[in-house]
Amino acid sequence: MRKLSTLALAIGCFNFLSPLALANTQPSTTTPITTTTKATYDTQEIDSPDRSFPLFYKKLKAHHMPYTMAFHTGLNPVAWHNKALAKAEEIIIPYQANSPFDPVVIDRIDRGSYIAQKVVFNIDDESRVMALMLVPKGKGPFPAALFLHDHGARFDIGKEKFVETWNDPKRLASSKQWAHKYFTDRFPGDELAKHGYVVLSIDALGWGDRSVAGFKTDSQQALASNLYNLGSSFAGIIALDDLRAAKFLANQPYVDKTRVASVGFSMGAFRSWQLAALSPDITAGIVDCWMGTMKGLMVPGNNQLKGQSAFTMLYPFMARYFDYPDVAGIAAPKPMLFYNGGKDTLFPVSSVKEAYGKLHQIWDANHAGDKLVTKVWPSKTHIFTKDMQDSAYAWLDKQFAVKQ
């Protein structure tokens, strides 16, 4: 009798804990399944095998890009800046780097009014790099500019896109081709050095000395995913190195710490406004050919949809908190100049102008509307030509009280 009672109790417990019994104890939240031969369902949810985009992207844009920390009228600009900066740092910067720079000059040449140097230093805790630095002759301290190169799907050169190299015929030939295509046969860094600026030009991870033979556009996919798996990101490493390079430049004894600008074209323009927002060492910025709203760029056919190069500027969950101009707006009230081309197919003018409007809203709230310049050059494509450079440099000279 004792054994029978135990068995009966076990059977009773089993029935009580069965999934069916559990289901019967919970409120029903499901719809009964019916039988039909005419039900409809999604048979395609991606638009294309190339630049693949979900067909429900409009719903995502409407409901899952809330920009909860975006600036808006009525916010205290100082309080917003402090909170926004902290969140942006959390999203963008993967970790802190504190290694001593330990710089050493390995080569130099005289270019008339300035000396061109190849300087090696620790750009972060893992990487020791060679950069190109231009130092005016005479008594400093001098204003300075950190040049941030573009993407361009060309990885054999990085720092050499902005500063003319030497004793390296292959890279010199490549960089001259680049200068002809985008910069009216000029090296924009050397042009600013002629204005009396210290110039530093660095390689981003994946370019120049920080790349490998055969690295190509498709190679970025693995690099980006592996960096995610290592607890970092492709964009985050670039941002961290830019912060470190800015600090290195600002702390040179011949540099005026109150006059240090970031200058960038294309991907480098993204890096320039990002750095101006995050770095206390950057006091002004020039941004050529990278600004728009996130939603305005996330549209079918846009370059943002390619993946690959987008990973150099991609931070998961950014849209939960900020639009692009909100992050750039963290730089306010620093002097900033933004240029875009009216015929630049990468950045639709409507998206650019909407972003410019947000930027002006933020600078005006900081009572610094006169410190922000935004301009769409109607006839320009994705480019930084001589007239654009001259205009930007004249503006920077004015901000830094540099007499020519």
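In this predicted model, V104 sits across from V120 of strand β2. That pairing is a good way into the strands, which we can follow one hairpin at a time.

Strand β1 (residues 104-110) runs antiparallel to β2, and six bridges link the two. Three residues separate β1 from β2 in their hairpin, and in that turn G112 has a positive phi of about 90 degrees. On the other side of the story comes strand β3 (residues 128-136), which pairs with β2, again in the antiparallel sense, over nine bridges. Five residues make up the hairpin connection from β2 to β3, and N122 has R128 of β3 as its bridge partner.

Here are the two pairings in one view:

| Strand pair | Sense | Bridges | Residues between the strands |
|---|---|---|---|
| β1 and β2 | antiparallel | six | three |
| β2 and β3 | antiparallel | nine | five |

How enclosed is β2 (residues 114-122) by the rest of the structure? Eight of its nine residues are buried, so β2 is largely enclosed. As a reminder for anyone looking along a strand, side chains in a regular strand alternate between the two faces of the sheet.

Now for the helices. Helix α8 (residues 234-250) packs against helix α9 (residues 267-278) at an angle of about 65 degrees, and their axes lie 10 Å apart. The crossing of α8 past α9 is right-handed. From α8, the residues I238, A239, D242, L243 and A246 take part in the contact, while α9 contributes R271, Q274, L275 and L278. By type, this contact is made of six nonpolar residues, one polar and two charged. It helps to recall that an α-helix has 3.6 residues a turn, so residues three or four places apart point the same way.

Helix α9 itself spans 17 Å from its first C-alpha to its last over 12 residues, close to the expected 16 Å. Is α9 mostly covered or mostly open? Mostly covered: 12 of its 12 residues are buried, including F270, W273 and the contact residues R271 and Q274.

Finally, W363 belongs to helix α12 (residues 349-365). W363 has a relative accessible area of 0%, so this residue counts as buried. Which residues does W363 touch, leaving aside those up to four places away in sequence? They are A328, G329, A331, A332, P333, K334, M336, A368, G369, K371 and L372. Of these, P333 lies 30 residues from W363 in sequence, yet the C-alpha atoms of the two are 6.0 Å apart in space.

How values were computed
Residues are numbered from 1 along each chain as its sequence is written. This is a predicted model: local features need pLDDT of at least 70, side-chain atom pairs count only at pLDDT 80 or more; totals for chains, interfaces and linings use all residues. Side-chain values use heavy atoms; hydrogens and water are left out. Axes are lines fitted to C-alpha atoms, for helices over the stretch in contact, and angles run from 0 to 180 degrees between N-to-C directions. Helices (H or I, at least four residues) and strands (E, at least two) are DSSP runs, numbered from the N terminus. A crossing is left-handed if the near helix is turned anticlockwise from the far one by less than a right angle, and right-handed if clockwise. Contact means heavy atoms within 4.5 Å. Ala, Val, Leu, Ile, Met, Phe, Trp, Tyr, Cys and Pro count as nonpolar, Asp, Glu, Lys and Arg as charged, and the others, Gly among them, as polar. The expected span of a helix is 1.5 Å times one less than its number of residues. Buried means under 20% relative accessible area, exposed over 50%, partly exposed in between (1.4 Å probe, protein chains only). Two strands pair if DSSP finds at least two bridges between them.
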